[in-house]
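Here is a short set of exercises to work through with the model open beside you. Try each task before you read its solution.

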Amino acid sequence: MNEITFAGQRPIDTYGPGGFRVGGVWHEGALILLPGGLLPMPGGALSEAAIASLLAAAAGIDMVLVGQGPEIAPLPRALREAFEAAGIGVEVMSTPSACRTYNVLLAEDRRIAAMLLPIG
């Protein structure tokens, strides 16, 4: 087996009720993971305010994974259209799936970001 190294962005170590451990540090609440670091999600919900930092970093992002908690629902139209206008692909999934997919794509050195709502 080969050890995976992450050149820059930090991997998601784990997730649990109310938060995430990213790069060895526990963070409460919803998060936005960007190529330049991570931020708490404004208002703790998917909104136009929450995606502003992603849109500002659009030049360095090819895809954003949206983890919507334990279940999935369609992304609000305004958010989907804002990502499309910025040229960013969007994949909506449950938070556990988004965490796993994020780490895989990060290990492949992909230009990835994530918006993650906690579970539980």
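Some terms first: a residue is called buried under 20% relative accessible area, exposed over 50%, and partly exposed in between (1.4 Å probe, protein chains only). Please keep in mind that this is a predicted model, in which local features need pLDDT of at least 70 and side-chain atom pairs count only at pLDDT 80 or more, while totals for chains, interfaces and linings use all residues. Residues are numbered from 1 along each chain as its sequence is written, and side-chain values use heavy atoms, with hydrogens and water left out.

**Exercise 1. The overall fold**

Task: list the secondary structure elements of the protein in order, then judge its compactness.

Solution. Step one is to define the elements: helices (H or I, at least four residues) and strands (E, at least two) are DSSP runs, numbered from the N terminus. Counting them gives three helices and eight strands. Read from the N terminus, their order is β-β-β-β-β-α-β-α-β-α-β. Step two is the radius of gyration, which is 13 Å, close to the 14 Å that the globule rule gives for 120 residues, so the protein is as compact as a globular protein of that length. That radius is taken over C-alpha atoms, and the rule is 2.2 Å times the number of residues to the power 0.38. Step three is the extent of the C-alpha trace, about 40 × 30 × 20 Å along the principal axes of the protein.

**Exercise 2. Surface and contacts**

Task: find what share of the residues is buried, and what share of the contacts joins residues at least 24 apart.

Solution. Begin with burial: buried residues account for 40% of the 120 residues. The exposed area of the protein is about 6,300 Å², with 55% of it supplied by carbon and sulfur atoms; areas come from the Shrake-Rupley method with a 1.4 Å probe, and for residues only the protein chains shown count as cover. For contacts (heavy atoms within 4.5 Å), look at those between residues at least 6 apart in sequence: 63% of them join residues at least 24 apart.

**Exercise 3. Salt bridges**

Task: find the salt-bridge partners of aspartate 62, glutamate 81 and glutamate 84, and say how far apart the partners of each pair are along the chain.

Solution. Side chains of opposite charge can pair when their charged atoms come close. The cut-off for a salt bridge is a side-chain nitrogen of Lys or Arg within 4 Å of a carboxyl oxygen of Asp or Glu, and the structure holds four of them.

- Aspartate 62 pairs with arginine 111, with 3.1 Å between the closest N and O atoms. This pair links distant parts of the chain, 49 residues apart: aspartate 62 is in the loop between helix H1 (48–56) and strand S6 (63–68), and arginine 111 in the loop between helix H3 (95–107) and strand S8 (112–117). Aspartate 62 is partly exposed because its relative accessibility is 42%, and arginine 111 is partly exposed at 39%.
- Glutamate 81 pairs with arginine 77 at 2.9 Å, N to O. They are four residues apart in helix H2 (residues 77–86), so about one helical turn separates them. Glutamate 81 is partly exposed at 38%, whereas arginine 77 is exposed at 59%.
- Glutamate 84 pairs with arginine 80, the closest N and O atoms being 4.0 Å apart. These two are also four residues apart in helix H2, so about one helical turn lies between them. Glutamate 84 is exposed at 52%, and arginine 80 is partly exposed at 35%.

**Exercise 4. Two residues and their surroundings**

Task: decide whether isoleucine 88 and valine 64 are buried or exposed, then list what they touch.

Solution. Isoleucine 88 lies in the loop between H2 and strand S7 (89–93), and it is buried, since its relative accessibility is 5%. Leaving aside neighbours within four places in sequence, its contacts include Leu54, Phe83 and Val64. Valine 64 sits in strand S6 and is buried at 0%. Among the residues that valine 64 touches, not counting those up to four places away in sequence, are Leu54, Phe83, Ile88 and Met115. Valine 64 and methionine 115 are 51 residues apart in sequence, yet their C-alpha atoms are 7.2 Å apart in space.

**Exercise 5. Two loop residues**

Task: where are glycine 87 and aspartate 109, and are they buried or exposed?

Solution. Glycine 87 is in the loop between H2 and S7, and it is exposed, with a relative accessible area of 55%. Aspartate 109 is in the loop between H3 and S8 and is exposed at 62%. As a last step, check the backbone of aspartate 109: its phi is near 60°, a positive value in a residue other than glycine.
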